[in-house]
Amino acid sequence: MLIRGKYQGASFFELLEVDFPQLRPATNLRDVGDASLLQGVPHGTTVLAMRYADGVLMAGDRLATEGHRVASRDMQKVYPTDAHSLVAIAGAAGPAIEMARMLRIELEHYEKIEGEALELEGKANKLSQMVRANLPAAMQGLVVVPIFAGYDLRRRLGRLWKYDVTGGRYEEAEFESSGSGSLYARESIKKAWRSDLTRDDALRIALQALADAADEDRATGGVDLARGIFPIVCFCTVVGVEEVTAEEIERTYRAHVAIARQRVSAGA
Amino acid sequence: MSIPFYVSPEQLMQDKADFARKGIARGKSIVALEYDKGIVLLAENPSSLSKIGEIYDRLAFAGVGKFSEFDQLRKIGVRFCDVRGYAYSREDVRARALANAYSQAIGDVFTQQMKPLEAEVIVAEVGDPRLLGQEKNTLYRVQFDGSISDHRGFCGIGGTVEQIEIYLKEHYRAGQPLGDAVRIGVAALSNGGTRIAAERLEMCTLDRERAGRKFRRASADEVTAILG
């Protein structure tokens, strides 16, 4: 019975550790007999985040792969964690989704227990601890490399952080991408990024970057018009998190395709 | 060898109950009312320490009596629900389970410990029209001895609960808009005296039309706008 729990703090992760160890996600996989089993688990691929005039944008493709096969065509890799923050995950899908879910519960739990939300930096730091806790699993191949972004209500600006497998946390002033196609996405954004991008420009650049990543990296998913599957794009501004509708993404995508066609057929 | 005094169980329980009632009556009462779009919880509370709190997506808490005791109950409720929602699904977190857990815990303290809890609580759950079988609002009151009751329309806790219920039985109407519900709720809390000023009022809602977390704490300006 929870009423007799020992834990008195405001962290959900620690609450599980102290009073409900059986529910805590396993991170120490040393006893797993055959580590090669872990290589076959689904992996999520390309996600990105960038600052723009009103805050920050976060986007991700939808493909999850199992080696060379498709594991899922419509995986969600961008998750709102509370009213003013988002996390994007790349890497081993199982632990990554669990980490996003855990972060959301953790932030909400803290807010409810303490009566006020953590500062944006505090939230980013919390995720850092979760990535660090996942290190033993990362050593076995279950690497999770998230990006965290949000709107800092005290400083009135969008901010974003990238992480390494040890939980290292690095604030980025411009943009960041993670996952197998991240190299191409980053190069694509780099050419177009400015600090005063409008919402429409930011959306266009993000979709362009994901298209470039999908073009060069087979594990990154593109737009699937037949099934109506589009990348997920979210904006986070002073008013909160807004997920861009599939219609708007499709419109932007079609405009992008029209320009690409013009380029190919020019002079023909 | 000294012979311990004999106290009959009836006397013991009576004494404990009187003690708890006295402690609870020292604080101000709280009322929860259903309105057309959800549930509103109202407390006279000039301090910055809240008596009303968010528990889960559709669940809210209100406590009267000794602050340290009911606030501990609130935190226990948050932990109870977050763990359940994590282990099962968010929709599996229900008011009845939480109210039962409170009833058990508060009842255990009442019978087993020297000092009973000087606190009683409301657990409110707003219905969700999209979930078949969970469309209705629920209001539970758990008293200092662990006794539990469910209520339709409105529910009060605290020392003046009888007067509040008499007033609301007469004035409460189902399906009224938020403004009306707040005004009669505040009138009930004011208990025939001068109406409680807006700045002394703590007001929270469980708004069915919000996405995700339905709980919302109203700002001082919103309360003033409603009470005029």
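**Exercise 1. Is Asn191(B) buried, partly exposed or exposed, and how many other C-beta atoms lie within 10 Å?**

Solution. The model is predicted, and local features require pLDDT of at least 70, side-chain atom pairs count only at pLDDT 80 or more, and totals for chains, interfaces and linings use all residues. Residues are numbered from 1 along each chain as its sequence is written, while chains are lettered from A and ligands numbered from 1 in the order in which they are written.

Step 1. A residue is buried if 20 or more other C-beta atoms, placed from the backbone, lie within 10 Å of its own, exposed if 12 or fewer, and partly exposed in between.
Step 2. Asn191(B) has 15 such atoms and is therefore partly exposed.
Step 3. Asn191(B) belongs to the loop between α5 (178–190) and β9 (201–207) of chain B; helices (H or I, at least four residues) and strands (E, at least two) are DSSP runs, numbered from the N terminus.
Step 4. The phi of Asn191(B) is positive, about 55 degrees, although the residue is not a glycine. Most residues other than glycine have a negative phi.

**Exercise 2. Contrast the settings of Arg156(A) and Gly91(A).**

Solution. Step 1. Arg156(A) counts as exposed because it has 9 C-beta neighbours inside 10 Å. Its place is the loop between β9 (147–152) and β10 (157–163) of chain A, and its phi is positive, near 60 degrees.
Step 2. Gly91(A), in strand β8 (residues 91–92) of chain A, has 25 C-beta neighbours inside 10 Å and so counts as buried.
Step 3. Contact requires C-beta atoms, placed from the backbone, within 7 Å. Leaving aside residues up to four places away in sequence, Gly91(A) touches His43(A), Gly44(A), Ala96(A), Val143(A), Val144(A) and Val145(A).
Step 4. The C-alpha atoms of Gly91(A) and Arg156(A) are 31 Å apart, and the two residues are 65 apart in sequence.

**Exercise 3. Determine which side of helix α5 (residues 182–192) of chain A is buried.**

Solution. Step 1. The buried residues of this helix are Ser182(A), Tyr184(A), Ala185(A), Ser188(A) and Ile189(A).
Step 2. They lie on the same side of α5(A), because they cover an arc of only 160 degrees around the axis, taken over the directions from the helix axis to the C-beta atoms.
Step 3. Lys190(A) and Lys191(A) are exposed on the other side.
Step 4. The cover over the buried residues includes β2 (47–52), β12 (175–178) and α6 of chain A.

**Exercise 4. Check the length of helix α2 (residues 67–87) of chain B and describe its role in the contact with chain A.**

Solution. Step 1. The expected span is 1.5 Å times one less than the number of residues. For the 21 residues of α2(B) this gives 30 Å, which agrees with end C-alpha atoms 30 Å apart.
Step 2. Among the buried residues of α2(B) are Phe70(B), Leu73(B), Val78(B) and Tyr86(B). Their helix is covered at its buried residues by elements of both chains, including α1 (12–19) of chain A and β3 (52–56) of chain B.
Step 3. The contact between the chains takes 14 residues from chain B and twelve from chain A. On the chain B side, α2(B) provides the largest share, nine residues.
Step 4. That side divides into eight nonpolar, two polar and four charged residues, where Ala, Val, Leu, Ile, Met, Phe, Trp, Tyr, Cys and Pro count as nonpolar, Asp, Glu, Lys and Arg as charged, and the others, Gly among them, as polar.

Definitions and conventions: Contact = placed C-beta atoms within 7 Å.
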